[in-house]
Amino acid sequence: MFDIDDIARLRKQLGLTQAELSELSGINQSLINRLESKQIEPSYSKVKILIETLQKQERRKSRTCGDIASKSVYKIQSKSTLKEAARIIQKKNVSQLPVFDGEEVIGSLSEKTILRVLSESGSSEKAFKKIIENVMEPSFPTVNKNTPIELLYQILEFFDAVIVMDKAKIIGIITRSDLFKLK
């Protein structure tokens, strides 16, 4: 449930004037002014319209996955060796790579996976000759570029990265460290 005080607080937080809120909501500016200064008790329907209008504006102003995604998506083909993947990870200073078969994402590879393979193989020479499709992890989840950032927190608790899509095209990748950069 919302308090009438939420209207003025949200409006100011979003940087809207009473006139702008009036235009967006279709509610008279003088009514908004009297409501915020507590000169009147508004009807439930008017408060609901104002709150919904403000929430809609808040969603529009909130940052999306497309806003924070790293646009450089370094990838590796499934038939490549682990040595090639390790070289890309080191050179590009990333901690994971989506694995592709042509243009299709079919898996993922992380530093953690490489360390596991090194540990299990007994020798680095043997490990680095392995083909990625034989050691890769499942694909990273994908989200639409318009997905609010807040939805990523839970996803990234379980996955190393999220691939950001615009329709069927990959436009970026988000890792946990990208979330730490948010102000």
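**Helix packing and burial in a predicted model**

Q: In which strand does Leu-97 lie, and is Leu-97 buried or exposed?
A: Leu-97 belongs to strand S2 of this predicted model. A residue counts as buried when its relative accessible area is under 20%. Leu-97 has a relative accessibility of 0%, so the residue of strand S2 is buried.

Q: Which residues is Leu-97 in contact with, leaving aside its neighbours within four places in sequence?
A: Leu-97 is in strand S2, with 0% relative accessibility. Its contacts, with neighbours within four places in sequence left aside, are Tyr-74, Lys-75, Ile-76, Ala-85, Ile-88, Ile-89, Ser-108, Leu-109 and Phe-140.

Q: What distance separates the C-alpha atoms of Leu-97 and Gly-15?
A: Along the chain, Leu-97 and Gly-15 are 82 residues apart. In space, the separation of their C-alpha atoms is 40 Å.

Q: Where do the buried residues of helix H6 fall when seen down the axis?
A: Helix H6 spans residues 82-92, and its buried residues are Leu-82, Ala-85 and Ile-89. In general, an α-helix has 3.6 residues a turn, so residues three or four places apart point the same way. Seen down the axis of H6, the buried residues fall within an arc of 60°, so they line one face of the helix.

Q: Which elements are included in what covers the buried residues of H6, and which residues are exposed on the other side?
A: The cover over the buried residues of H6 includes strands S1 (76-77), S2 (96-101) and S3 (104-110), together with helices H7 (111-121) and H8 (124-128). On the other side of H6, the exposed residues are Gln-90 and Lys-91.

Q: What phi does Asn-93 take?
A: Asn-93 comes just after H6, a helix covering residues 82-92. The phi of Asn-93 is positive, at about 55°.

Q: How are helices H1 and H4 oriented to each other?
A: Helix H1 (residues 5-13) packs with helix H4 (residues 44-61) at an angle of about 25°, and their axes are 10 Å apart. Angles under 35 degrees count as roughly parallel. H1 is therefore, with respect to H4, roughly parallel.

Q: What is the make-up by class of the contact of H1 with H4?
A: The crossing of the two helices is left-handed. From H1, Asp-6, Ile-7, Leu-10, Arg-11 and Gln-13 meet Val-47, Leu-50, Ile-51, Leu-54 and Glu-58 of H4. By class, the contact has six nonpolar, one polar and three charged residues.

Q: How is H2 oriented to H3?
A: Helix H2 (residues 18-25) and helix H3 (residues 29-36) have axes 8 Å apart and pack at an angle of about 120°. That angle makes H2, relative to H3, oblique.

Q: Is Glu-36 buried or exposed?
A: Glu-36 is placed in helix H3. Residues up to four places away in sequence not counted, Glu-36 touches Ile-7, Ala-8, Arg-11 and Gln-18. Its relative accessible area is 17%, and under 20% means buried. Glu-36 is therefore buried.

Q: How are H2 and H4 oriented to each other, and what is their contact by class?
A: The axes of H2 and H4 cross at roughly 100° and come within 10 Å, so the two helices are roughly perpendicular. Leu-21, Leu-24 and Ser-25 of H2 meet Ile-49, Leu-50, Thr-53, Leu-54 and Gln-57 of H4. By class, this contact of H2 with H4 has five nonpolar, three polar and no charged residues.

Note on methods:
Residues numbered from 1 in each chain as written. Predicted model: local features only at pLDDT ≥ 70, side-chain atom pairs only at ≥ 80, totals over all residues. Heavy atoms only, no water. Axes fitted to C-alpha atoms, helices over the stretch in contact; angles between N-to-C directions. Helix = DSSP H or I, 4+ residues; strand = E, 2+ residues; numbered from the N terminus. Parallel < 35°, antiparallel > 145°, perpendicular 65-115°, else oblique. Left-handed = near helix turned anticlockwise from the far one by under 90°. Contact = heavy atoms within 4.5 Å. Nonpolar A, V, L, I, M, F, W, Y, C, P; charged D, E, K, R; others polar. Buried < 20%, exposed > 50% of the residue type's maximum accessible area, 1.4 Å probe, protein only. Arc of directions from axis to C-beta.
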